[in-house]
Amino acid sequence: MKIGWTANGRALHKQRMFQSLALAGMIIAAAPGSAGGIAGVDVRDDDVVVRFDGRIDGASAFLLDAPRRVALDIDGAQMGRFQFAPGKGSIAAVRQGQLNSGTARVVLDLSSPATLGNLQMAPDGKSLSFSLQGVSDTRFRSEVGKGRTRFDAPVDMAARPQKRIHSITVPIPAAARGVALPAVEGAHDGARPLVVIDAGHGGHDPGAINKDNGKREKDVTLAIAQAIRDQLVKSGRVRVALTRDDDKFLVLQERYGIARKLGADLFISIHADAAENTEAHGATVYTLSETASDREAARLAARENKADIINGVNLGGQSGDVSSILIDLTQRESMNISASFARLLQREAAPYVPFRSAYHRFASLMVLKAPDTPSILFETGYISNEADSAFLSSRDGQQKIARGVARAIEVHFARKLAMRDGTAGG
Ligand code: ZN
C-alpha cells in the first residue's frame, strides 16, 4: 500500500509531515484504481494547472491560515508523481496526499497571502486551473473563514450529483449499541444541505435539573430540537434529521456519528446550561477548541462530556496523533465554518432569544469532534434560572428559539451557495 503525504519542492513543515507519514497509513487507505492519477502540477508564477492522467469527478479548494496554505480536494483522483519547480509567485511548495480511496488532496504552501481566482475544470475532466492573487493579511484571514469554493464542472459532469464535497476516513470506535439512522425530513431534493439537530442528554441521563421546579434539561432539549425540525420542514429549504426524537440515551460519539453517517453539512447540539448562581441566564454558543476560552468553558465541557461516563462506556476516542493530523487540515476548516456559524446564530437569533454578552465560547466538547462536520453546541439558556427555565419549557420560548436557529441555518447555506456560484466573496 503506497500511501501518505509526499513533498515536492521546499517543504515548509517537514518534521510534521514525517510524523504524518507514518500515521497517515493508519487512517488513509488508497485503493488501486484507474481514476485520474495526478500527472503534474504546473506552476507559472501565480497560475496553476493540475493535470491528471484520467478523468476526475470534481474538485474544491479552500484556504488555511498559520501557516498559509491552499488545499485542493480532488474527487475521483489518486496521488501521482510530479515535479514542482518554484516560480516567482506565492507558492513555496506543493505536497499531495490521499484523503480516502476516492479523493486526493494537493496542498500548496504559500510564501505570502493570496486568494484563489478563476477556478476551472477542463471540459475533458483531465485538468484543473486557477490563479492566485496576492492580498493583505487581513483579507486573507477573512477569505479563510469563507470555506470551500468548487471548481466549475464541465457540462456533462453536472449530471452526476456530488452530494458530499469530500469525506475523510477516520476510525470511529464501534458504538456500544447499534444505532439506527434517523429519518431525513424536509426538502425532498437530496442535493439540499442536511442539518442534524441533536437534543442533548436523554434516557437515564437527565442533564441539568432545576432544583425548584424540577425542569429537566433532557426534556427541554428534545422539545426545542423538535421545534427546530418542524420549522425547517415547514420552510422546506434544507433537509433535517434528529439524533433522537424521543426520550432515549445516546453516547456522544453516536450523536456525531449519526451526523457523519448521514453526510450532514451542519451539526447542532441543543443543551441548557446550569450554574450554582441562579442569577446566571442567557444563551451561549460553543465551538470546538482543545483550549477552553475560560474556566467556565472548561467546567461546562467537563459537565457535558460526562454524559458518556454515566453509561460506563469508555470513549477515549481518537489518539492524540490521529487528532493532530485531522486538526491540521479538515478539522481546522470545519472549525472555521463552525465559528462563523456561531456568530451568525447570535445575529439571527438575538431578536428572539436573550444571549449572554460573551455569547461565543470555546471548549473541548466531545460531541463537537466530528472532524469533517461543522458543529456547534447551543446552550439555549440556564435551566437553573427561573425565567430562563420557564422560557425554555414554554411552547412560545421553544418556537422563538426554533425561529432564530432556522433563520441562521438558512442564511448560512444561502451564503455558501452564493459563494459556490461565484456571486459573492469575489
Ligand atoms: Zn447539556
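**Exercise 1.** In this predicted model, determine whether His 201 and His 271 are buried or exposed, and establish which residues supply the protein donors of the zinc ion.

*Solution.* Step 1: His 201 is buried, and His 271 is buried too. Step 2: the protein donors of the zinc ion are His 201 (NE2), Glu 217 (OE), His 271 (ND1) and Glu 304, which is listed with OE twice; they lie 2.1 to 2.3 Å from the ion. Step 3: along the sequence, the donor residues follow the spacing H-x15-E-x53-H-x32-E. Step 4: His 201 belongs to the loop between strand S13 (194–199) and helix H3 (217–235), whereas His 271 belongs to strand S15 (residues 266–273); the two are 70 residues apart, and the pair links distant parts of the chain.

**Exercise 2.** Describe the order of the open sheet and explain why one side of S12 and of S17 is left without a neighbour.

*Solution.* Step 1: seven strands, with mixed pairing, are arranged as S12-S14-S13-S15-S18-S16-S17. Step 2: strand S12 (185–186) and S17 stand at the edges with a single partner strand each, so each has one side without a neighbour in the sheet. Step 3: S17 pairs with strand S16 (residues 283–288) in the parallel sense over five bridges. Step 4: helix H5 (residues 295–305) packs on the sheet, touching S15, S16, S17 and S18, and its direction makes about 65° with that of S17.

**Exercise 3.** Explain why Thr 373 counts as buried, and identify its side-chain polar contact.

*Solution.* Step 1: Thr 373 lies in the loop between strand S17 (355–363) and strand S18 (375–382). Step 2: its relative accessibility is 3%; because buried means under 20%, Thr 373 counts as buried. Step 3: a polar contact of 3.4 Å joins the side chains of Thr 373 and Asp 372.

Key:
Residues numbered from 1 in each chain as written. Predicted model: local features only at pLDDT ≥ 70, side-chain atom pairs only at ≥ 80, totals over all residues. Heavy atoms only, no water. Donors = N, O, S within 2.8 Å, 3.2 Å for Na, K, Ca; no water. Helix = DSSP H or I, 4+ residues; strand = E, 2+ residues; numbered from the N terminus. Buried < 20%, exposed > 50% of the residue type's maximum accessible area, 1.4 Å probe, protein only. Polar contact = N/O pair within 3.5 Å; in protein donor to acceptor, adjacent residues only side chain to side chain. Pairing = 2+ DSSP bridges. Contact = heavy atoms within 4.5 Å. Axes fitted to C-alpha atoms, helices over the stretch in contact; angles between N-to-C directions.
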